[in-house]
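Here are a few exercises to work through with the model open beside you. Try each one before reading its solution.

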Amino acid sequence: MKRKKTPDRSSRIIGRGCSLIIGSPFFVGRWLDSIWSSGAKEQKGLKFSLSALNWVIMGKSNLLGSDLSDMERLMVDLGEKRYKGRQLFKWLYRGGVDSFAQMTDLSVPLRAKLADRFVFEGFSPEATLLAADGCEKYLFRLEDGLYIESVLIPEGEKSTLCLSSQVGCPLGCHFCATGLNGFGRDLTTGEILGQLMYVRRLRGADAVHNVVFMGMGEPLLNFDNMVRAVRIISSELGLSLSARRITVSTVGIVPKIYALADSGLKVNLAVSLHAAEEAVRHRLMPVAGRYPLEDLAPAVRYFAEKRKKRITFEYILFKGINDSRSAALSLARFIRGIPCKINILAYNPVAGLPYERPRDDEVDEFARYLYPRAPAVTVRKSRGLDIGAACGQLAGKRQCF
Ligand code: SF4
């Protein structure tokens, strides 16, 4: 296995290790269920099926978040040929047009019919913060007044966009600003895509090279909408960003790790581990009680073998909690036999929380001790510290649930 000799200090932090577990299905989608479902919707006498129906705007349904099969069905419902759904899908996600009228390979009457009944609306941020190191954080206000955040992290010529998958997070990791503020709801597929489409609109279609689900929320708890979004993002007719450039980060929702491995998606998996000693992990992340390390390890191994991918373990260092030599040895034992790399990053302090950031030399010392015992170790540099790039810090000031 290839070993990386020197910890690379040029790497970046993406929000925060983020993404945890759910404990109870009670949280998931309880609110959304009342708004949209996978059933048929009636609108202006037209009955169509959209499994990700978005907000109705001025009496018109928003198509953002609809996938190819939705659009094919929609065309059939409109009395048109199914293949026109492909044309519509391509125009909406790749075409960069502002209106149905510009979809020149659709007939004029069809364009008028679409314009009469539908919109394709993204959103723009209520606030944008620019960090000294070039990171940009966007605060989006959703239709129902809730807030989410996304962070664009430039590195050289390339940029990574960190997406949110939920409003808040139900997992309540004790060190996390998002977890601190509670849980609002899952994002729709359209709301996940809207974050990316905004940045592409702002900076151009090639501006985002990598996408990571490491913003607010645990993406595996919003599994269906996240997977639909990834399929649209990676579709050649859609946003055309290879799934290999998409990373889904989880705190370890074991059943969904298996589901993601079996989904056929070629995405990368990052696991926010932060401790390989059960008691310490439990102290940091309540989800550890539900999905202990002994269940997490085989799930991760299954993903690596099934998808033939190396797993990334995120390990946030908290001063005096998980930064000892014995913690490093536990980590080395846990990853034994798993094709993986370890990203170490120092904790980004959050006001009101008791956790401390270790000094840089302490971080280096931990990495140096771990390195000979792990396939690859990278020390990531914190980014966007001056704008509170850790997820949830900005949105949390605007809302609590
Ligand atoms: S509480 Fe925070 S760190 Fe934990 S999964 Fe949720 S967003 Fe991620």
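**Exercise 1: a strand residue and its distant partner**

Start with Ile 316, which sits in strand 16 (residues 311–317). This is a predicted model, so treat each value as computed from it. Work out whether Ile 316 is buried or exposed, and how far Ile 316 is from Ala 346 in sequence and in space.

Solution. Step one: count neighbours. Ile 316 has 29 C-beta neighbours inside 10 Å. Step two: apply the cut-off, which asks for 20 or more for a buried residue. Ile 316 therefore counts as buried. Step three: look at Ala 346. The two residues are 30 apart in sequence, yet their C-alpha atoms are 5.6 Å apart.

**Exercise 2: two positive phi values**

Find His 274 and Lys 308, check the sign of phi in His 274 and in Lys 308, then sort the two residues by burial.

Solution. Step one: recall the background. Most residues other than glycine have a negative phi. Step two: read the angles. His 274 has a positive phi near 65°, and Lys 308 has a positive phi near 55°. Step three: place them. His 274 belongs to the loop between strand 15 (268–272) and helix 8 (278–284), while Lys 308 belongs to the loop between helix 9 (293–307) and strand 16. Step four: count again. His 274 has 26 other C-beta atoms within 10 Å, so His 274 is buried. Lys 308 has 9 C-beta neighbours inside 10 Å, so Lys 308 is exposed.

**Exercise 3: a helix pair**

Describe how helix 5 (residues 189–203) and helix 6 (residues 223–234) cross, and list the residues that make the contact.

Solution. Step one: take the geometry. The two axes come within 8 Å and cross at roughly 45°. Step two: name the arrangement. Helix 5 and helix 6 are therefore oblique to each other, and helix 5 passes helix 6 in a right-handed crossing. Step three: list the contact. Helix 5 brings Thr 189, Ile 192, Leu 193 and Leu 196, and helix 6 brings Asn 225, Met 226, Arg 228, Ala 229, Ile 232 and Ile 233. Step four: sort by class. This contact of helix 5 with helix 6 has 7 nonpolar, 2 polar and 1 charged residues.

**Exercise 4: the whole chain**

Now zoom out: how many helices and strands does the protein chain have, and what share of its residues is buried?

Solution. The chain comes to 12 helices and 18 strands. Of its 401 residues, 48% are buried. Finally, among contacts between residues at least 6 apart in sequence, 70% join residues at least 24 apart.

Definitions and conventions: Residues are numbered from 1 along each chain as its sequence is written. This is a predicted model: local features need pLDDT of at least 70, side-chain atom pairs count only at pLDDT 80 or more; totals for chains, interfaces and linings use all residues. Axes are lines fitted to C-alpha atoms, for helices over the stretch in contact, and angles run from 0 to 180 degrees between N-to-C directions. Helices (H or I, at least four residues) and strands (E, at least two) are DSSP runs, numbered from the N terminus. Angles under 35 degrees count as roughly parallel, over 145 as roughly antiparallel, 65 to 115 as roughly perpendicular and the rest as oblique. A crossing is left-handed if the near helix is turned anticlockwise from the far one by less than a right angle, and right-handed if clockwise. Two residues are in contact if their C-beta atoms, placed from the backbone, lie within 7 Å. Ala, Val, Leu, Ile, Met, Phe, Trp, Tyr, Cys and Pro count as nonpolar, Asp, Glu, Lys and Arg as charged, and the others, Gly among them, as polar. A residue is buried if 20 or more other C-beta atoms lie within 10 Å of its own, exposed if 12 or fewer, and partly exposed in between; C-beta atoms are placed from the backbone.
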